[in-house]
Amino acid sequence: MVGTVESTEWLTPAMVRITFGGPGLQRFAPKEFTDQYVICQFVPEGAPYSPPFGDEANLAAPEHRPRIRRFTVRKWDEADRVLTVDFVVHGSEGYAGRWAQRARPGDLLQMRGPGGGYRPDPEADWYLMAGDESSLPAIAASLEVLPAGRSCEVALVTDDAGHEIALESAADLHVRWVHRNSSAAPETLLLDAVGSVHWHRGRPDVFVHGEAGEVRAVRKHLVAARGIDRNSSSISPYWRRHHDDETWRAVKKDWLAEADRDLDAGV
Ligand SMILES: Cc1cc2nc3c(=O)[nH]c(=O)nc-3n(C[C@H](O)[C@H](O)[C@H](O)COP(=O)(O)OP(=O)(O)OC[C@H]3O[C@@H](n4cnc5c(N)ncnc54)[C@H](O)[C@@H]3O)c2cc1C
């Protein structure tokens with residue numbers, strides 16, 4: 001499946017919204033999940049192939065093979081068959097962020113999917129959603145389907161107020177934005193923000209995604225201090241500081257197992 005860039009729009013200084021259309025998306029079959037994602041294949045500079053590509057890409061020299069990255073489907077427009085993805089642009093490293101920063105109408109991106117696993121439970125008593133810019137698209141999409149009037153606590157980390165985006169929901173939203181640039185301890189901001197949300201009565205539906213270490217600390221807190229059910233909550237890392245996605249995927253399984261052992265041991 002190949003998407004053709006139709007438009008680009010900077011939502012914040014570090015987030016660019018890209019819409020994809022074209023004949024390559026005719027067979028895109030959306031799922032019901034609000035965290036549904038596509039698996040994008042970015043082509044390294046100098047590679048001897050370009051989208052649409054087949055097996056030749058995986059036979060190329062290692063430095064030229066496609067770089068796999070997951071990105072949330074912020075929106076799928078069934079009538080016009082247009083896919084919207086919000087990409088974080090985070091400096092001069094990596095493939096996806098730099099590709100998105102330079103994308104122009106007509107550019108092609110090869111992708112597979114969608115996958116996904118979360119949609120807000122309409123039976124929950126209230127909702128807790130937390131994360132950073134990388135999970136903002138999934139959180140924004142989830143907020144849009146919440147039942148009217150139900151309480152939703154949201155904790156989000158961004159660089160500063162200029163990186164916030166407007167969030168819409170029929171729910172009763174309480175959004176807490178916290179900012180790295182004005183914090184002495186940016187890596188514990190998410191935990192502190194989640195720790196200070198109002199804890200409503202009844203069963204919460206919890207969605208927390210973002211940087212691995214931050215998400216791990218929040219999960220530990222929510223399980224140990226708030227007694228949430230770790231298995232029925234959607235809490236997992238989307239990326240890891242100081243690791244590119246290849247390095248992170250190589251250790252992710254062991255890292256998740258270790259995080260579970262921490263919980264079991266009450267560490
Ligand atoms: C299911 C799923 C859905 C996701 N949805 C989105 C989405 O909708 N939008 C989105 O922007 N991201 C999303 N992500 C995260 C995204 O896949 C990763 O951030 C990815 O590593 C970006 O690839 P890259 O090539 O730009 O950087 P990489 O080559 O992977 O990393 C290069 C360097 O940048 C750092 N880095 C990576 N991501 C970030 C970041 N977000 N902020 C700061 N530094 C970073 C790394 O630690 C590394 O040091 C999602 C991840 C998953 C698993």
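**Two domains, a ligand and two cores**

In this predicted model, 13 residues of domain 1 are in contact with 15 residues of domain 2. On the domain 1 side, the elements that put two or more residues into this contact are β1 (2-12), β4 (67-72) and β6 (82-88). The chemistry there is mixed: the side of domain 1 that touches domain 2 has five nonpolar, four polar and four charged residues. As for the bounds, domain 1 runs over 2-115 and domain 2 over 126-265, and the C-alpha centres of the two lie 24 Å apart.

The ligand comes next. Domain 1 and domain 2 both give residues to the shell around the ligand, so the ligand lies between them. Of the 25 residues in that shell, T72, V88, G94, G97 and D244 come nearest. Elements supplying two or more shell residues are β4, β6, α1 (96-102) and β12, with β4 giving the largest share at four residues. β4 and β6 thus turn up twice, once on the side of domain 1 that touches domain 2 and again around the ligand. By class, the shell holds nine nonpolar, seven polar and nine charged residues.

Helix α2 (residues 136-143) is mostly covered, with eight of its eight residues buried. The buried set is L136, P137, A138, I139, A140, A141, S142 and L143. What do these buried residues of α2 pack against? Their partners are β4 and β6, along with β8 (126-131), β9 (151-158), β10 (172-179) and β11 (204-211).

Nonpolar side chains tend to be buried together in soluble globular proteins. Here, the largest nonpolar core has 33 residues, and M129, A130, I139, C152, L190 and V218 touch the most other members. Two or more residues apiece come from β8, α2, β9, α3 (189-195), β11, α4 (212-224) and β12 (234-239). α2 gives the most to this core, with six residues. I139 therefore shows up both among the buried residues of α2 and among the core members that touch the most others. L190 is worth a look as well: leaving aside neighbours within four places in sequence, L190 is in contact with A130, A155, V157, G210, E214 and V218. Of these partners, A130 and V218 are themselves listed with the core residues that touch the most other members. A second, separate core has 22 residues, including M1, V38, F71 and V89.

Technical notes. Residues numbered from 1 in each chain as written. Predicted model: local features only at pLDDT ≥ 70, side-chain atom pairs only at ≥ 80, totals over all residues. Domains from an automatic or database assignment. Contact = placed C-beta atoms within 7 Å. Nonpolar A, V, L, I, M, F, W, Y, C, P; charged D, E, K, R; others polar. Buried ≥ 20, exposed ≤ 12 C-beta atoms within 10 Å, placed from the backbone. Core = buried A, V, L, I, M, F, W, Y, C linked by C-beta atoms within 7 Å. Near = placed C-beta within 6 Å.
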